[in-house]
Amino acid sequence: MGMTDVLIVGAGPTGLVLACDLARRGAAVRIVDRSPVPPRTSRAKGPNARSLEILDDLGVAEEVLAAGSAPLPMLKYRDRLPVAETDPWAGSAPSPDALYDRGRLIAQWRLEEILRDRLAGYGVHVELGREVTGLAKGPGGRHVDVTFAEGRTERARYVVGCDGAHSSVRKLLGIGFEGATAEDQVMVCGDVDLADGALDRTRWHQWFDEDGAVMLCPIPGTRTGWWFQAGPERDGRGRPLAPTADGFRRLLARHTALPGRALTGAELLSTYRVNVRMADRFRAGRVFLAGDAAHVHAVAGGLGMNTGIQDAFNLGWKLGLVLAGHAGAELLDTYEEERLPVAARTLDLTSERLRATLEAIRRPGGGLDAAITSDTTGLGVGYRWSSLARGHAEAPHAGDGSPDAPDAEVRTARDGERPAPQPGDRAPDAPCVDAVTGARTRLHRVFAGHGTTVLGFGPGSAAALREVAAAYGDAGVRTCRVYAAHEDRAESGPGAAVVDDEGHAAAAYGTKASDGTGTGTGTSTLVVVRPDHHLGLSAPADDTRSVPAYLHRLHGGTRSAEGAAERFSGIGGRRR
C-alpha cells in the first residue's frame, strides 16, 4: 500500500491553499473532494488584505487581482429610493508596510479555479467523487489509514479535514462542534442574471426596508451576473420559504424599483442561517481540522473563507518542515495553540459586527458597511501568546486573543517612531531594492517561498548572518542583509541582500540600521521571520544566544538541528 505525506479532504479555498503550499515545499500531497465535479459556489465574495498577501506568496495574487474587482461603494435604498452612498475604503490606501489595504471581489469558484491551476503546475490534481468514510490509526501511530466510500483504504502520514461545516473528518474523529444556529436569522442567496443595464455595476446595491431586504453586488468577470442576498419570503405561519427564481423575482419587485422580469436567471440557490460554532480541538493525533470544518461564524465582515485560508497558511509550513526532517513533530502542536484562539476571537468579532449591522439597517442609510472595520482586513492577527513567540529574554508573550498583557521584555520604538512589532506579530512589508540587480522588490517577496528568513540590519549583523547561513542553511533558513541607503555594501555575504533606500524597512521594524552617513554607528539587529510572515524574535546582533536558541527551538529534535548547534558553537568563538 502506497503512502502519501498529507491527504487533504475538501477542495475549497482552505484545502487548495494548503495543497499548493505543501506541494511547493516538495511534500507528497493529495487532495480529494466528495463532489463529482469541481464544487461551484459563489457565496464567499473574495480574499481580504491578509489573504491577498498569502496568495501573493503562493504566486497567484496577480491573477486574482486581474480576475476580480476592487470592493465597491455601497448604495443604500429605503422604500425603493436611494438614500445614502458609502465607500468603506475611502480613507484607506496601501502603505509601505502593507501593499494590500483592502480585499478583492472575486467569485469563490473563480478563485478555486486559479488555485487548482496553480496546484496542477506541481503535478497535483483534485481527486473528485472521493468520499472519506473511515479513519484509523495505523500500526505504531506512524500513519493514518483512510477508507473511502468505494471501499478502498489508503495511507497517509497526516490527514487534514478541510471539508466544511458538515465535515465528515470531524465527525469521524468524534470532535464536538459546540455553538448555536440562529434559526430566526435567515438569508436566501444565489447567483442571478439581471437584464443588461438594469443596474449600475459600479455599486453594491442594498435595499433595507422594515419588512425585508435585498442586496445585489455585481460578480466580477461577468457582464450580467450578480450576487443576490435577501431576507426570505415566509409562509402564513412566518416560516422562511426555500429560495426559488420566482421568489427572487417577487422579492426584487417588492423592495426595488426593478420589475421582477429584470431577473432573467438564478442558480446556486441556498439558504443561509447564522451559525456560530467551533470545534473542541483542531487536532487528533495525525489528523487536523482547518477552515469551516474547525469553525463557522456569522457572515458579517467576510471572514469565513479568509480565516480558513489563514489556517492553511499556518499549518502548511509546519507540516512541510516536519516532513522534510527540518523540525521535530512537536512543532505541529503550535497549530492549534495559535489558530484556536484566533478562531474564537473571530467568532466574537463577526457576531459583534452582525449585531452592529442589524442595528444599522434599522435606520435609513444603514448598510453592510457597518460590518467592515480594520479588524476585517486580517492584517492585525498575530500570535503573541504562542510558544513560538519569544523575545530575546526567552520569556513568553501574551497578546491578541490572550487575556494577559505582554509580560516579557520587548523592544520598543524610539521617540517619534511607530512601535516595533513584537514576536508573534505579522512581519511588516517594506519596499526596497535588490542589492545585486537594482530591481525594486519588497520584503514580503524576500520572505516568499519555503523557509524561515533572518533579516540583518546594520553592519554588526553581518557576522551573525554568516553563522546562521553556515549552521541552518541546510534546514531551509535563509538570510537577508538589509542595507541602509548610504551604507557601505562592499562586504557581500551569503543569502539575499536588499537596500532600504527609503528607510521603510528600518521604520517598520523599529531599528535604525545606520546613522545615514554610511559609518554604521546605529543599532545592529537580527529579526527572525517565520515562513508565514510572522515575527519569531528581534534581538541585538551582538546577542549571540537568542537567534541560535530560537532557530534550535524551531528546528529542534532533528539531525539538522543538532548539527547546526554544533556548527554555531564552533563559529567565531563568541558564544556566551
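**Entry 1: the largest cavity**

I looked up the largest cavity in this predicted model. I read its volume as about 90 Å³. How many cavities of 30 Å³ or more does the structure hold? I find seven.

Next I listed the lining of the largest cavity. Among the lining residues are Arg50, Ile54, Gln310, Phe313, Asn314 and Arg339. Gly378, Val381, Tyr383, Asp532 and His534 line the cavity too. By class, I note four nonpolar, four polar and three charged residues in this lining.

Which helices each supply at least two residues of that lining? I find helix H2 (49-57) and helix H7 (304-323). H7 gives the most, with three residues.

**Entry 2: the second largest pocket**

I turned to the pockets. The second largest pocket has about 390 Å³ of space. Its lining counts 24 residues. Which of them lie nearest the centre? I noted Ser374, Asp375, Gly378, Leu379 and Gly380. Gly378 was already on my list for the largest cavity.

I then checked which elements give two or more residues to the pocket lining; they are H7 and helix H8 (333-360). H8 gives the most, with six residues. The lining of this pocket has eight nonpolar, 11 polar and five charged residues.

**Entry 3: the seven-stranded sheet**

I traced an open sheet of seven strands. I wrote its order down as E18-E17-E21-E20-E19-E22-E23. The pairing is mixed. Why is one side of E18 and of E23 left without a neighbour in the sheet? Strand E18 (440-442) and strand E23 (535-540) stand at the edges and each has a single partner strand, so one side of each stays free of a neighbour in the sheet. I also looked up the turn between neighbouring strands: on average it is 30°, direction ignored.

**Entry 4: the E23 edge**

I stayed with E23. Strand E22 (residues 525-529) pairs with E23 in the antiparallel sense. I count five bridges in that pairing. Which residue of E23 stands opposite Val529? I find Leu535 there.

Helix H12 (residues 546-554) packs on the sheet. I see H12 touching E19, E22 and E23. The direction of H12 makes about 160° with that of E23.

**Entry 5: another helix on the strands**

Last, I looked at helix H10 (residues 462-472). Which strands does H10 lie across? I noted strand E19 (453-457), strand E20 (478-484) and E22. H10 runs at about 165° to E20. I add that E19 and E22 are also touched by H12.

Terms used: Residues numbered from 1 in each chain as written. Predicted model: local features only at pLDDT ≥ 70, side-chain atom pairs only at ≥ 80, totals over all residues. Heavy atoms only, no water. Pairing = 2+ DSSP bridges. Helix = DSSP H or I, 4+ residues; strand = E, 2+ residues; numbered from the N terminus. Axes fitted to C-alpha atoms, helices over the stretch in contact; angles between N-to-C directions. Contact = heavy atoms within 4.5 Å. 1 Å grid on protein atoms, 1.4 Å probe; cavity = no way out; pocket = protein on both sides within 12 Å on 5 of 7 lines; lining within 4 Å. Points joined across faces, edges and corners; volume = space filled by probe spheres on them. Nonpolar A, V, L, I, M, F, W, Y, C, P; charged D, E, K, R; others polar.
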